[in-house]
Amino acid sequence: MMTMEPSAVIAKRIARELRSGMLVNLGIGIPTMVAAHVADDVRVFFQSENGLIGTGSIPEEGMQNPLLTDAGGRPVMALPGASTFDSAMSFGLIRGGHVDVTVLGALQVDEQGLLANWMIPGKLVPGMGGAMDLVTGAKRVIIAMQHTAKGKPKILSKCTLPKTSERPVDLVVTEMAVIGFPNGRATLLETGPGVSVEQVLAATEARLTMSDHIQPMCV
Amino acid sequence: LPTGIIHLTYVKAATVLLRIGLRLEALQRQIEMKIVTPEDAVAMIPDGATLMIGGFMGVGSPERMVDELVRQKKRDLTVIANDTAIPGRGIGKLVDAGLVSKAIASHIGLNPEAQRQMIAGKMAVDLVPQGTLIERIRADGFGLGGVLTPTGLGTVVEDGKQKIKVNGKSYLLETPLHADFALVNAFLADYLGNLSYALTARNFNPIIVMAAETAIVTADHIVPVGLIAPDHVVTPAPLVDYVVANG
């Protein structure tokens, strides 16, 4: 078997969570890659919080429109049926519970599913952008991240970095595991390709509850 | 029909057309007062002014106004905007020139110069969640005393803010943001100041136009009255104080 890049494993697995008709917001980094792995027969509406529903892929060289960009300011295409709107509408969609799924990156996630993904005090203070609104308002929050950072666990008993919201996330997908939060407790649901339960536990600081049916991740 | 009646109809039609023509001319005279050069527009802005500036990562920012602010070296500005873009683009140019003493924004992470000035204490930065920022601006423009939002609850954002319960749910009270000037970029502006926007260049523009003492607009295209159909006008003309002439 060819080994897949960790980011590809994560993006592929998350793409399977998306259904036709859903309004979905993807953060920057690995979350953006999810779009490329959605099955052909699944028609998802992707939102860019700068004011677009129907976000497409990156246009070919010479086909960019400087007034059509994603939330990172990069030129994108708009799919047939796309719509544009102002920032108040865009965040009304987000905060008002009209976005079905948001996929975001993370610095840390804790045992209860609380997320830290917007600053490292004294080191990196970029601003929360739309992250706090997305985590607070989206119907379902999925985290796409590598399981560890420089060998250190990112899934902790408690976040040490400033939190993004008091609302816990719903699912964490890493290259090693899929973790859900039934009853507010981090629960191992699936293991990544070629990864054992023991390896997941060794790379996780948080106490993980074991699901009755831990399955291999299907990617 | 008798020729007399046909003749009368023509005369009537001609009179109506003439009247419309005169009215348009009167409108035109009115608009001439609204049109300014970038130099004159920026000359109205004093040092220390609070500016709301449209744009998302520079997309939909009034670049010509920004360039002129830099040329006239307007100092000690407070800028309220979604982000500080990148060096050399949009609001990034004001940051590069060291003209911003305070930024109220949701994100400055893609502008290393803004990060550097914040860490060095040269530029104060007030970080506000994006949805809260636009609602605080909207609240001011819409005459509201603030907004109640769940965003920021349980985070550092709630520090020092009033928490209010409505129907058993907690919210933060976020207060309105007001500016001296709104610097807006539109795609189309007609001679009266009706505006429409293009694609993702709309973002903060139609909201900030309502939250400032004076709204100054640059437009990619200035077009005759009527070309933007009533259904497609996003910002109605009376909200616009000045349209900057295209060079």
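In chain B, there are 22 positive and 24 negative charges, and their mean positions lie 3 Å apart. I should say at once that what we are looking at is a predicted model, and every value I quote has been computed from that model. Staying with chain B as a whole, its C-alpha trace spans about 85 × 50 × 30 Å along the principal axes, and its secondary structure comes to seven helices and twelve strands. The chain has 247 residues, of which 49% are buried, while the area that chain B exposes is about 11300 Å², with carbon and sulfur atoms supplying 58% of it. As for the contacts in chain B with a separation of 6 or more, 71% of them are between residues 24 or more positions apart.

Let me turn to the surface of that chain. Where do we find a nonpolar patch in chain B? Val16(B), Leu17(B) and Ile20(B) form one on the surface, and together they have about 280 Å² of accessible area. Leu17(B), to take one of these residues, belongs to helix H1, which covers residues 3–34 of chain B, and with a relative accessible area of 59% Leu17(B) is exposed.

Next, the charged side chains. Side chains of opposite charge can pair when their charged atoms come close. Over all chains, the count of salt bridges comes to 15, and I would like to go through three of them, beginning in chain A.

Glu111(A) and Arg207(A) form a salt bridge in which the closest N and O atoms are 3.6 Å apart. What does this pair tie together? Glu111(A) sits in the loop between strand E6 (108–110) and strand E7 (115–116), whereas Arg207(A) sits in the loop between helix H5 (197–202) and strand E15 (209–216) of chain A, so the bridge joins parts that are 96 residues apart in sequence. The two partners also differ in their surroundings, since Glu111(A) is buried, with a relative accessible area of 18%, and Arg207(A) is exposed, with a relative accessible area of 61%.

In chain B, Lys93(B) forms a salt bridge with Asp67(B), and here the closest N and O atoms are 2.8 Å apart. This pair, too, links distant parts of the chain, with Lys93(B) in helix H4 (residues 91–96) and Asp67(B) in helix H3 (residues 63–71), 26 residues apart. Asp67(B) counts as partly exposed, at 37% relative accessibility.

Helix H3 of chain B also holds the third pair, Glu68(B) and Arg71(B), which form a salt bridge with their closest N and O atoms 2.8 Å apart. Because Glu68(B) and Arg71(B) are three residues apart in this helix, about one helical turn separates them. Is Glu68(B) buried or exposed? At 7% relative accessibility, Glu68(B) counts as buried, while Arg71(B) is exposed, with a relative accessible area of 55%. Besides such pairs, there is a network in chain A, where salt bridges that share partners join Arg13(A), Glu17(A), Arg140(A) and Glu190(A).

I come now to some loop residues. Asn183(A), which is not a glycine, has a positive phi, near 55°, and its place is in the loop between strand E13 (177–180) and strand E14 (187–191) of chain A. Asn183(A) is exposed, with a relative accessible area of 79%. In chain B, Asp76(B) likewise has a positive phi, of about 60°, although it is not a glycine; Asp76(B) lies in the loop between H3 and strand E3 (77–80), and it is partly exposed, with a relative accessible area of 46%.

Gly168(B) is found in the loop between strand E7 (163–166) and strand E8 (169–174) of chain B, and at 61% relative accessibility Gly168(B) counts as exposed. How far apart are the C-alpha atoms of Gly168(B) and Lys73(B)? They are separated by 51 Å, with the two residues 95 residues apart along the chain.

Let me finish with a strand residue in chain A. Thr191(A) lies in strand E14 and counts as buried, at 9% relative accessibility. Which residues is Thr191(A) in contact with, leaving aside its neighbours within four places in sequence? Among them are Met176(A) and Ala177(A), then Ser196(A), Val197(A) and Val200(A), and also Ile214(A), Gln215(A), Pro216(A) and Met217(A).

Methods
Residues are numbered from 1 along each chain as its sequence is written. Chains are lettered from A and ligands numbered from 1 in the order in which they are written. This is a predicted model: local features need pLDDT of at least 70, side-chain atom pairs count only at pLDDT 80 or more; totals for chains, interfaces and linings use all residues. Side-chain values use heavy atoms; hydrogens and water are left out. Patches are made of residues with over 30% relative accessible area and no salt bridge: like charges are joined within 9 Å, nonpolar side chains (Val, Leu, Ile, Met, Phe, Trp, Tyr) within 5 Å. Accessible areas come from the Shrake-Rupley method with a 1.4 Å probe; for residues, only the protein chains shown count as cover. A salt bridge is a side-chain nitrogen of Lys or Arg within 4 Å of a carboxyl oxygen of Asp or Glu. Helices (H or I, at least four residues) and strands (E, at least two) are DSSP runs, numbered from the N terminus. Buried means under 20% relative accessible area, exposed over 50%, partly exposed in between (1.4 Å probe, protein chains only). Contact means heavy atoms within 4.5 Å. Lys and Arg count as positive and Asp and Glu as negative; His and the chain ends are not counted. The place of a charge is taken as NZ of Lys, CZ of Arg, CG of Asp or CD of Glu.
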